[in-house]
Amino acid sequence: MTTSSEKSYFDLHITGLGYLNRIREVKPKKGDAFLACDIAALNGPSDKPEYRRFDVRVSGSEAQHLIRRCVPAVEAERKVLIGFRLGDLWTDIFTYSKGKRVGEQSVSLKARLLFVSWIKVDGQLVYKAEPKASEETARDEAPSVSSEPAVQDAPASETVSDDEAAEVPALAESF
């Protein structure tokens, strides 16, 4: 009898689209510094969406590179909309330390930003990810799990058309 020492995991992924905010480098007292940002994800009917705020740690070198490229646009208060995939969702209870809610407790949704599928700045598509062969293989093995964000769920004004995507280089020089 052979036993496997390799661990297996259950993945919980969240796909969607949302506005990028508060990109920052976090330097904890213990451990290494990391890139973080907030995503105000759109949820509900496209004519009257609600927002779900996620405080995310940016994981993976490609996602980090793309989010860092968005810093000037976010700091200039331009509307930066991204298609994303999050993983490892968890909650964090915190107490407000300033503002009109000082002393109140609240909950923050935290996750890891695993993948950025596309980026729009002020409605202009500036990045679209190329499909990878490994993603195609994963989809064939587990057809009930999608590895691509559901762009078709986007409001009509935010949907990326095939013609528009074909005209955009892999990464625009400047946002």
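Visitor: How many bridges join strand 3 to strand 5, and in which direction do these strands run, parallel or antiparallel?
Guide: In this predicted model, one residue pair that shows the register is Val56, which stands opposite Ala111 in strand 5. Strand 3 and strand 5 are joined by five bridges, and the direction in which they run is parallel.

Visitor: Which residue in strand 3 does Cys37 stand opposite?
Guide: Strand 2, residues 34–43, is joined to strand 3, residues 50–58, by eight bridges, and the two run antiparallel. They form a hairpin with six residues between them, and Gly44 in the turn has a positive phi of about 100°. Across this pairing, the residue in strand 3 that stands opposite Cys37 is Val56.

Visitor: How many disulfides does the structure hold, and why is there no bond between the sulfurs of Cys70 and Cys37?
Guide: The count of disulfides in the structure is zero, and Cys37, whose nearest cysteine sulfur is that of Cys70, takes part in none. Both residues are buried, Cys37 with a relative accessible area of 0% and Cys70 with 0% relative accessibility. A disulfide is a covalent bond between the sulfur atoms of two cysteines. Because the pair counts as a disulfide only within 2.5 Å, the sulfurs of Cys70 and Cys37 are too far apart for a bond, at 8.8 Å.

Visitor: Which element gives the most residues to the largest nonpolar core, and how many does that element give?
Guide: The largest nonpolar core has 28 residues, and those with the most contacts inside it are Leu20, Ile39, Ile67, Val80, Leu113 and Ile119. Elements giving two or more residues to this core include strand 1 (13–26), strand 4 (80–95), strand 6 (124–128), helix 1 (61–69) and helix 2 (71–75). The element that gives the most is strand 5, and the number of residues it gives is six.

Visitor: Which cysteines are in contact with Leu20, leaving aside its neighbours within four places in sequence?
Guide: Leu20 is among the residues with the most contacts inside the largest nonpolar core. Beyond its neighbours within four places in sequence, Leu20 is in contact with residues including Asp38, Ile39, Ile67, Val74, Val80 and Ile82, and the cysteines in contact with Leu20 are Cys37 and Cys70.

Visitor: Is Asp55 buried or exposed, and with the side chains of which residues does the side chain of Asp55 make polar contacts?
Guide: Asp55 is found in strand 3, and Asp55 counts as buried because its relative accessibility is 9%, which lies under the 20% cut-off. Leaving aside neighbours within four places in sequence, the residues in contact with Asp55 include Arg22, Cys37, Asp38, Ser108, Leu109 and Ala111. Its side chain makes one polar contact of 2.5 Å and another of 2.9 Å, and the partners are Arg24 and Lys110.

Visitor: Is Ser106 buried or exposed, and what is its relative accessible area?
Guide: Ser106 lies in strand 5, residues 105–121, and, leaving aside its neighbours within four places in sequence, Ser106 is in contact with Asp92, Ile93, Phe94, Tyr96 and Arg101. Because the cut-off for burial is under 20%, Ser106 counts as buried, and its relative accessible area is 18%.

Visitor: What pattern does the protein chain follow along the sequence?
Guide: The protein chain holds four helices and six strands. Among its contacts with a separation of 6 or more, 59% join residues 24 or more positions apart. Read along the sequence, the pattern that the protein chain follows is β-β-β-α-α-β-β-β-α-α.

How values were computed
Residues numbered from 1 in each chain as written. Predicted model: local features only at pLDDT ≥ 70, side-chain atom pairs only at ≥ 80, totals over all residues. Heavy atoms only, no water. Buried < 20%, exposed > 50% of the residue type's maximum accessible area, 1.4 Å probe, protein only. Contact = heavy atoms within 4.5 Å. Pairing = 2+ DSSP bridges. Core = buried A, V, L, I, M, F, W, Y, C linked by side-chain atoms within 4.5 Å. Polar contact = N/O pair within 3.5 Å; in protein donor to acceptor, adjacent residues only side chain to side chain.
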